Amino acid sequence: MPSDELQLIMAGYILGDLSPEEAAALEELLRQDPAIAQEMANLQAALELSHNPPAVPPPPHLRSALLAKAQPVSLPVTSSPPPVARPRFPRSWRTGLELAAAGLIAALAINNYRLEQALQTRQATQPDAAVTYVLDATKPNSPASATVVVNPTTLEATLSVKNLPPLPPGKVYALWTVLKPNAPFTTDEKAAILTDVFQVDAAGNFAKTIPVPHAYRTQEIVVKVAVTIEDSQAPQKHVGNPIMITGL
Amino acid sequence: MSSSEPSANPVSPASTSTDAELIVLLRQGQTAALGVLYDRHASLVYGIALHTLGNAQEAEDLTQDVFLTLTTKATYDPERGALRTFLAILTRSRARDRLRSRHNTRQTLERWRLGKPPESVANAPLEHAFQQEQSQEVKTALAQLSDQQQQILQMAYYEGLSQTEIATQLGIPLGTVKARARRGLLKLRETLTQLIPQ
């Protein structure tokens, strides 16, 4: 049986009047002797037996009704862990942590706000005009399809591919942006810029957001978007012929 | 009963998790923890609600209300005291609020219907009914406590007053309030040993 002092602390926990120092002492006690938990259950039972009406199980439907109503919510957890886990910080230190955490959260909130403001400003001056490129397979009766949806302002695109067969080892799919002859951008001899390389999953699909070349800002310059099969070690060699292409 | 050995992996709610662990998980958004807490403590809450309010419909309503409060408010501090104690005090308090508003509604209706001034009605007549229903063993056990110990336990657990409020009302030091409440509970535990399932 624990000392008189510790018994008083245990009773204090059941009554809900524990000071932080006492909570630390109780935590230590529980760590040394987990059987104390049983004694605390006895204290709880004594309190309830002498002061409460009998416990009555509610009707079964109440449980599902409750869980249906309960929404996951993020609430402040006490900054130190519950009294059966790790050592706690002394109260003054905990308050310092809480303040630091609050400061950090406030700082993050401000950053998010500024970022959002910046995005809104940008969108106001340069309206979004997404350009969609639809690629068809060059092989007849192929179920393969692909789209590239480009945001010329941000130079980001969503590449989305369906029903392309997975490739043997050493091979990779390459996405090409083909430009008008003599366009003021660096291209290879086929007037193309290597834009992305990718593999499809077992179902033959792939999707990703990719950066795209500056050429997309001047739409008339991009004449074709195509997919070829290349050597995975040197896709830039551009040896393959288009298996998918726009404007078919 | 309630708290048991801490679970090895307090990352998801388990029936072996302590109440404190479950509350932490619940506040991190794991609603499954609410199910475990409900299974443990619903009978306590519903029993108090049913006894105080006198009908199943309102008792069910209040029980749901109390458990939902666990998900929406962070008033309960797992480091300060036991969850069951918090739940009992909260349930009693909310039950009384409902009784009071029920009484006020009745009074308003009476006033309109009969044109008579309302009579003052004891707020919770059922409270006294419980005292009379206590078993002989419980009455004997309570009788082992000093009057002050009994009174302070009543004020703390039954009325939900804080130790500071009790100290102020009774005009005694806070330390004395704590000591009397705690010694009273220890004494009850000692006397009721035979009645408590081990």
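Modeller: A residue counts as buried when its relative accessible area is under 20%. Keep in mind that this is a predicted model.

Colleague: Thanks! What share of chain A is buried by that rule?

Modeller: Of the 248 residues in chain A, 40% are buried. The chain has five helices and eight strands, and from the N terminus the order is α-α-α-α-α-β-β-β-β-β-β-β-β.

Colleague: How do you know which contacts in chain A join residues at least 24 apart, and what share do they make up?

Modeller: Take the contacts between residues at least 6 apart in sequence: 57% of them join residues at least 24 apart.

Colleague: Turning to chain B, why is helix 2 called largely enclosed?

Modeller: Of its 22 residues, 18 are buried, so helix 2 of chain B is largely enclosed by the rest of the structure.

Colleague: What makes you speak of a kink in helix 2 of chain B, and where is it centred?

Modeller: The bend is the angle between axes fitted to the seven residues ending at a residue and the seven starting there. In helix 2 of chain B, residues 32–53, the kink is about 60 degrees and is centred on B:H41. After the helix comes B:G54, with a positive phi near 80 degrees.

Colleague: Why is the pair B:D39 and A:R63 called a salt bridge?

Modeller: The cut-off is 4 Å between a side-chain nitrogen of Lys or Arg and a carboxyl oxygen of Asp or Glu. The side chains of B:D39 and A:R63 meet at 2.8 Å, N to O, so the pair qualifies under the 4 Å rule. Between chain B and chain A the count is six salt bridges, and 20 residue pairs are in polar contact across the interface, both residues at pLDDT 80 or more.

Colleague: Which helix of chain B gives the most to the side that touches chain A?

Modeller: That is helix 2, with 13 residues. By class, this side of chain B has 34 nonpolar, 19 polar and 15 charged residues.

Colleague: And how many residues does each chain bring, and what area is buried?

Modeller: Chain B brings 68 residues and chain A brings 61. The buried area is about 5800 Å², with 63% from carbon and sulfur atoms.

Colleague: Last one: why is B:S146 called partly exposed?

Modeller: Partly exposed covers the range between under 20% and over 50%. B:S146 has 29% relative accessibility, so it counts as partly exposed. B:S146 sits in the loop between helix 6 and helix 7 of chain B, and a polar atom of its side chain is 3.1 Å from the backbone nitrogen of B:Q149.

Definitions and conventions
Residues numbered from 1 in each chain as written. Chains lettered and ligands numbered in written order. Predicted model: local features only at pLDDT ≥ 70, side-chain atom pairs only at ≥ 80, totals over all residues. Heavy atoms only, no water. Helix = DSSP H or I, 4+ residues; strand = E, 2+ residues; numbered from the N terminus. Buried < 20%, exposed > 50% of the residue type's maximum accessible area, 1.4 Å probe, protein only. Contact = heavy atoms within 4.5 Å. Buried area = accessible area lost by both parts, 1.4 Å probe. Polar contact = N/O pair within 3.5 Å; in protein donor to acceptor, adjacent residues only side chain to side chain. Nonpolar A, V, L, I, M, F, W, Y, C, P; charged D, E, K, R; others polar.
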